[in-house]
Amino acid sequence: MSLKTNLRWLLASACTAALLGCETMSGGGLGGLTSALGSLGGGGGGSTMSGVQNVVQGASAAFKDYSPEEERELGNGFASVLLGARPLLRNDEVQRYVNRVGLWVAQQADARKDGSGRAVDYQWRFGVIDSDAVNAYATPGGYVFVTRGLLRTLKSEAELAGVLAHEITHVVHGHYLAAVKSGGFAQMAGGIVEARSGNSALSGPMISMVRNIYAKGLDQSDEYDADRYALLWAARAGYAPAGLVQSLHTLAAGSAQDANYQMLFATHPPVAERITRLDPLLAGKFAGLAGVSNEARYLALRRTLD
């Protein structure tokens, strides 16, 4: 599939998944969880020459917050770089499945507020990248991707929901926007917004910037934040909150010497430390919330990847 076809497919798949919905059991007893976890905190085709011009036009982005529209355009540019490296998996059944789970979990997340105090309405897009690497990615604006390699590694729908909830938190808490600014990339990101708004191709430096952000990874505190909130969003969706921790135990069996795990391990805190930080929450605020795992349904889908 071409890059434009990939992005159009994501839009169509998200709409279909929203209509189909997702079946989980009700996660009873969640009413007090949000207040109980309050201390966790909130969050929030052109030429190269035209690409350079876009950077200049977008320079003001270095000095202001992004509007929801600008964030969506920035995310579109990030997604185009990811899909330019590896295309979407050509398996409609798997793509719809991941979209159904992702959209349902995303509906449980608390909205981020814009500069005017209004809730940001994300147009969520979930996709499976055709790659053996074991990883997941998010972009500003609501694109979330998991790899075929990751799906082959996970063992239940609850694990998938936990991973997607982690990536959803990166979006709603603005972690990638923070990485753009802290990395000194705000002016270049403004160029991406201008380029995507005008349907122009990204310049080489813009593509390099996006690749640099994913290769470096987010701040470790952002990863721990995404882990904590992933338990909440998944539990609200009716999934076993332990799903994320179970996925981390599964990932711990991977080796940093394995090329398929190298980027995941290089850009995230040690798996053992992530588990250690989550276990007290599972034993405390989330104790007694069983939720569902939908293991049989997930494993049946996973067999279609072989």
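**Loops, sheet and core**

Student: Where is N294 placed in this predicted model?
Tutor: Start from the helices, which are DSSP runs of H or I with at least four residues, while strands are E runs of at least two, both numbered from the N terminus. N294 sits in a loop, and residues 295-302 form α15. The loop that holds N294 is the one between α14 and α15.

Student: What are the ground rules for reading the model?
Tutor: Residues count from 1 along each chain as its sequence is written, and side-chain values use heavy atoms, without hydrogens or water. The model is predicted, so local features need pLDDT of at least 70 and side-chain atom pairs 80 or more, while totals for chains, interfaces and linings use all residues.

Student: Near what value is the phi of N294?
Tutor: N294 is a residue other than glycine, yet its phi is positive. Most residues other than glycine have a negative phi. For N294 the angle is near 50 degrees.

Student: Is N294 buried, partly exposed or exposed?
Tutor: Buried means under 20% relative accessible area, exposed over 50%, and partly exposed in between (1.4 Å probe, protein chains only). N294 has 23% relative accessibility, so it counts as partly exposed.

Student: Which loop holds N199?
Tutor: N199 is a residue other than glycine with a positive phi, near 60 degrees. At 45% relative accessibility, N199 counts as partly exposed. Helix α9 covers 186-197 and α10 covers 204-216. N199 lies in the loop between α9 and α10.

Student: Over which residues does pLDDT stay under 50?
Tutor: pLDDT is the predictor's confidence in each residue, from 0 to 100. The protein averages 84, and 79% of the residues score at least 70. The low stretch has 66 contacts (heavy atoms within 4.5 Å) beyond four places in sequence. That stretch is residues 25-63.

Student: What is the strand order in the sheet?
Tutor: The sheet is open and has 3 strands in mixed pairing. Strands β1 (125-129) and β2 (136-138) are its edges, each pairing on one side only. The order is β1-β3-β2.

Student: In what sense do β1 and β3 pair?
Tutor: Two strands pair if DSSP finds at least two bridges between them. Here there are 5 bridges, and V128 stands opposite V146 in β3. The sense is parallel.

Student: And in what sense do β2 and β3 pair?
Tutor: Strand β3 covers residues 143-147 and joins β2 over 3 bridges. F145 in β3 is the bridge partner of Y137. The sense of the β2 and β3 pairing is antiparallel.

Student: How many residues of β1 are buried?
Tutor: R125, G127 and I129 point one way, F126 and V128 the other way, and all are buried. So β1 is largely enclosed by the rest of the structure; the count is 5 of the 5 residues.

Student: Which element gives the most to the largest nonpolar core?
Tutor: A nonpolar core joins buried Ala, Val, Leu, Ile, Met, Phe, Trp, Tyr and Cys residues through side-chain atoms within 4.5 Å. The largest has 86 residues. With 9 residues, the element giving the most is α7.

Student: Which residues have the most contacts inside that core?
Tutor: Look at one of them: V98 is in contact with F126, V128, V146, L151, L160 and L164, leaving aside neighbours within four places in sequence. Residues F126 and V128 point the same way from β1. The residues with the most contacts inside the core are V98 and W124.
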